[in-house]
Amino acid sequence: ENGAYVETVPIPVTQAVLERGQERYDIFCATCHGLSGNGNGLVHLRAAKLGEGTWTPPTNLTTATVVERPVGHIYNTIANGIRSMPAYGPQIDPEDRWAITAYVRALQLSRNATIDDVPASERAVLKQ
C-alpha cells in the first residue's frame, strides 16, 4: 500500500514452504549468493577468478543491511531484479518467490542466532 513493502510474508510459513524455498533458492539463487547466502556462490567464485573487472559481486544476504529490509523488498528483488541481478519473476511463480523469501529469512536467522534462540529441549544436543 502506498508503495511501501510488506513487512511479513503473506503466506503461512510452514516446514513445507521453507523446504520449497530452500529447493528454489538452491536452483535460482545459490549459484551467485552461495548456499549459505553469504555471496560466495560458484558463479561469483568463477567470475572473481577470471578477474575481468566487469563482475559485480552478489550481495551477502546475511548482512544487517539485507536483514533490516522488509520481506517485500526481498520479494521485489527476486521478481524484478536489482542493480546487476536480473529479474526472476518470469521464471519463479509468486508463491515460490514468497517461499524463497521465507527461506532467506531463515538463513539470516540461522547466521545470527544464539543458543537462546534454540528451544531449551534441543540445546543439549547442540552442546555435544
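Modeller: Before we start, a disulfide here is a pair of cysteine sulfur atoms within 2.5 Å. And keep in mind that this is a predicted model.

Biologist: Okay, so how do you know that cysteine 29 has no bond to another cysteine sulfur?

Modeller: The closest cysteine sulfur, in cysteine 32, is 9.0 Å from the sulfur of cysteine 29. The cut-off is 2.5 Å, so that's too far for a bond. A search of the whole structure turns up zero disulfides.

Biologist: What makes cysteine 29 buried?

Modeller: Its relative accessible area is 13%, and buried means under 20%. Cysteine 32 sits at 22%, between the 20% and 50% limits, so cysteine 32 is called partly exposed.

Biologist: And why is aspartate 96 called buried?

Modeller: Same kind of check: aspartate 96 has 8% relative accessibility, and the limit is under 20%, so buried it is. Aspartate 96 belongs to helix H6, residues 94-111. Beyond its neighbours within four places in sequence, aspartate 96 touches Arg20 and Arg24.

Biologist: Why are H5 and H6 called oblique to each other?

Modeller: Their axes cross at roughly 125 degrees, coming within 9 Å. Roughly perpendicular stops at 115 and roughly antiparallel needs over 145, so the pair counts as oblique. The crossing is right-handed.

Biologist: Which residues make that contact?

Modeller: On H5, they include Val71, Ile74 and Tyr75; on H6, Trp98, Ile100 and Arg105 are among them. By type, the contact residues split into nine nonpolar, three polar and two charged.

Note on methods
Residues are numbered from 1 along each chain as its sequence is written. This is a predicted model: local features need pLDDT of at least 70, side-chain atom pairs count only at pLDDT 80 or more; totals for chains, interfaces and linings use all residues. Side-chain values use heavy atoms; hydrogens and water are left out. Helices (H or I, at least four residues) and strands (E, at least two) are DSSP runs, numbered from the N terminus. Buried means under 20% relative accessible area, exposed over 50%, partly exposed in between (1.4 Å probe, protein chains only). Contact means heavy atoms within 4.5 Å. Axes are lines fitted to C-alpha atoms, for helices over the stretch in contact, and angles run from 0 to 180 degrees between N-to-C directions. Angles under 35 degrees count as roughly parallel, over 145 as roughly antiparallel, 65 to 115 as roughly perpendicular and the rest as oblique. A crossing is left-handed if the near helix is turned anticlockwise from the far one by less than a right angle, and right-handed if clockwise. Ala, Val, Leu, Ile, Met, Phe, Trp, Tyr, Cys and Pro count as nonpolar, Asp, Glu, Lys and Arg as charged, and the others, Gly among them, as polar.
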